[in-house]
Structures are given as C-alpha cells and as structure tokens.
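Hi,

Here is the structure I promised to pass on. Have a look at it first, and then read my notes below.

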Amino acid sequence: MGHVILGLLMTLGPQTLYSLNKAFQSGAALFYSASHGGLQHALRGLVAAGWVTVSETTEGGRLKKEHTITDAGMAEFHRWIRSPVDGDLEVGALSRVFHLGLVPAGERRAILEGLTGVIAARVADLEGLREQLHAQDVPPEAADVFRFQVATLDYGLAAHRAAQAWMADFAREQ
C-alpha cells in the first residue's frame, strides 16, 4: 500500500489522511482495498522510512496534517515501479499500471512487458498444476469434490490468461 500512496502523493501533491482516503476510494480501490486505519499505518511507515514528511497547520481552528513525498520517497517509488511483482500478482501489476503515467514514456513498454512475463510464468505454473491434478487417481467418492476444485483452478487460469492478453496488448500500444 505504501507505494500506491507514494504514487498518489506524486500525482496529487501534499495530502491529508482524509484526502488520501478519498483518493483511494475514487481510484485505487478498484484494485486495492484500504481502510482508514490501514492508510494511517502505512503513512506512519512511510514517514519512518523518510519517504514522506508531515507538516502541521491549523485551518479553521482544526489541526491539519499534510503528507508530502520526499526525494527519497520519489526514488523509492521509481525503484518499486520497475521492480518485479512480489505478493499478490493482480494487485502488484495493477498498482504499477495505475501509476505508469509517472514513468517516462520511453520506459513504460518495458515495465508492461515485464508484467506480462510475470503473468505468463504464473499461467505456466497453473497449467503445470492442472496437469499434475489430472494425472492423479481420484477415488470415485472424491470425484465430485475434485471436479469443483479443478473448476476453481480453471477459473484462475482463465483470469490469468485474460490478464496476460490484456497486458500484452496494452504494452504494444505504448
């Protein structure tokens, strides 16, 4: 979540926790679920890492804390967006696509092609798993359960193949 916040701060400029929450809800929430508390925790981590600073002002009698990305935060964002996806593939890939406009145009295609490659590797892994499952001897009493478990895998394969095709097409457009 921290890198998505860094990208939002680069795009929107200084933000309060409230305005960041609104920005998440109107954009990043399409692929990343974030609670108010989760954002607050992530911001504390970004401040501790030196990637974000906090300034306090009083506006209308209320304390207002604005978060601003630092040069080190920008460098970290640019390192992250070019790095391989770790963890949840869909969230990691879409987080990078969402912020790709912050990367020089000449570098975007390579990032998208890298994401396409990661998705292709995941498709290959799932296909291998499917082959292993179908090579098993399934007792007749477990056949019905097995059929629905394989259907779940088939759904995952279809979703990953669709993501791979979409990403490859999008990369070619860049």
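Ala 158 lies in helix α7; helices (H or I, at least four residues) and strands (E, at least two) are DSSP runs, numbered from the N terminus. Ala 158 is partly exposed, with a relative accessible area of 43%. For that term, buried means under 20% relative accessible area, exposed means over 50%, and partly exposed is what falls in between (1.4 Å probe, protein chains only). From the C-alpha atom of Ala 158 to that of Glu 90 is 13 Å, with the two positions 68 residues apart along the chain.

Before you go further, keep in mind that this is a predicted model: local features need pLDDT of at least 70, side-chain atom pairs count only at pLDDT 80 or more, and totals for chains, interfaces and linings use all residues. Residues are numbered from 1 along each chain as its sequence is written, and side-chain values use heavy atoms, with hydrogens and water left out.

Let's stay with α7 for a bit. The helix has 31 residues, which at 1.5 Å a residue should span 45 Å, and the C-alpha atoms at its ends are indeed 45 Å apart. (The expected span is 1.5 Å times one less than the number of residues.)

Which residues of α7 are buried? They are Phe 146, Val 150, Leu 153, Gly 156, Leu 157, Met 167, Ala 168 and Ala 171. Their cover includes α5 (89–98) and α6. Take Ala 168 from that list: it sits in α7 and counts as buried because its relative accessibility is 18%. Its C-alpha atom is 32 Å from that of Ala 42, and the two are 126 residues apart along the chain.

Next, the salt bridges. How many turn up in a search of the whole structure? The search finds 10, where a salt bridge is a side-chain nitrogen of Lys or Arg within 4 Å of a carboxyl oxygen of Asp or Glu. Here are three worth clicking on.

- Glu 127 and Arg 161 meet through their side chains at 2.8 Å, N to O. Glu 127 is in helix α6 (residues 105–135) and Arg 161 in helix α7 (residues 143–173), so this pair ties together parts that are 34 residues apart in sequence. Both ends are partly exposed: Glu 127 has a relative accessible area of 30%, and Arg 161 has 40%.
- Glu 66 pairs with Lys 64, their closest N and O atoms being 3.8 Å apart. Glu 66 counts as partly exposed at 25% relative accessibility, and so does Lys 64 at 23%.
- Arg 172 pairs with Asp 169, with 2.2 Å between the closest N and O atoms. Arg 172 is exposed at 51% relative accessible area, while Asp 169 is partly exposed at 39%. Both belong to helix α7 and are 3 residues apart, about one turn of the helix.

There is also a network: salt bridges with shared partners join Glu 59, Lys 64 and Glu 66.

Now for a helix pair. Two packed helices are described by the angle between their axes and the distance between the axes. Helix α1 (residues 2–12) packs against helix α3 (residues 36–49) at an angle of about 80°, and their axes are 9 Å apart. Axes are lines fitted to C-alpha atoms, for helices over the stretch in contact, and angles run from 0 to 180 degrees between N-to-C directions. The two helices are therefore roughly perpendicular to each other; angles under 35 degrees count as roughly parallel, over 145 as roughly antiparallel, 65 to 115 as roughly perpendicular and the rest as oblique.

Where do they meet? Gly 2, Ile 5 and Leu 6 in α1 touch Leu 39, Ala 42, Leu 43 and Leu 46 in α3, contact meaning heavy atoms within 4.5 Å. By class, this contact has 6 nonpolar, 1 polar and no charged residues. (Ala, Val, Leu, Ile, Met, Phe, Trp, Tyr, Cys and Pro count as nonpolar, Asp, Glu, Lys and Arg as charged, and the others, Gly among them, as polar.)

Finally, two buried residues. Asn 21 is in helix α2 (residues 17–25) and is buried at 18% relative accessible area. Leaving out residues up to four places away in sequence, Asn 21 touches Ala 34, His 36 and Leu 39. His 67 is in strand β2 (residues 62–69) and counts as buried at 8% relative accessibility. With the same neighbours in sequence left out, the contacts of His 67 include Leu 9, Pro 14, Leu 43 and Val 54.

Cheers
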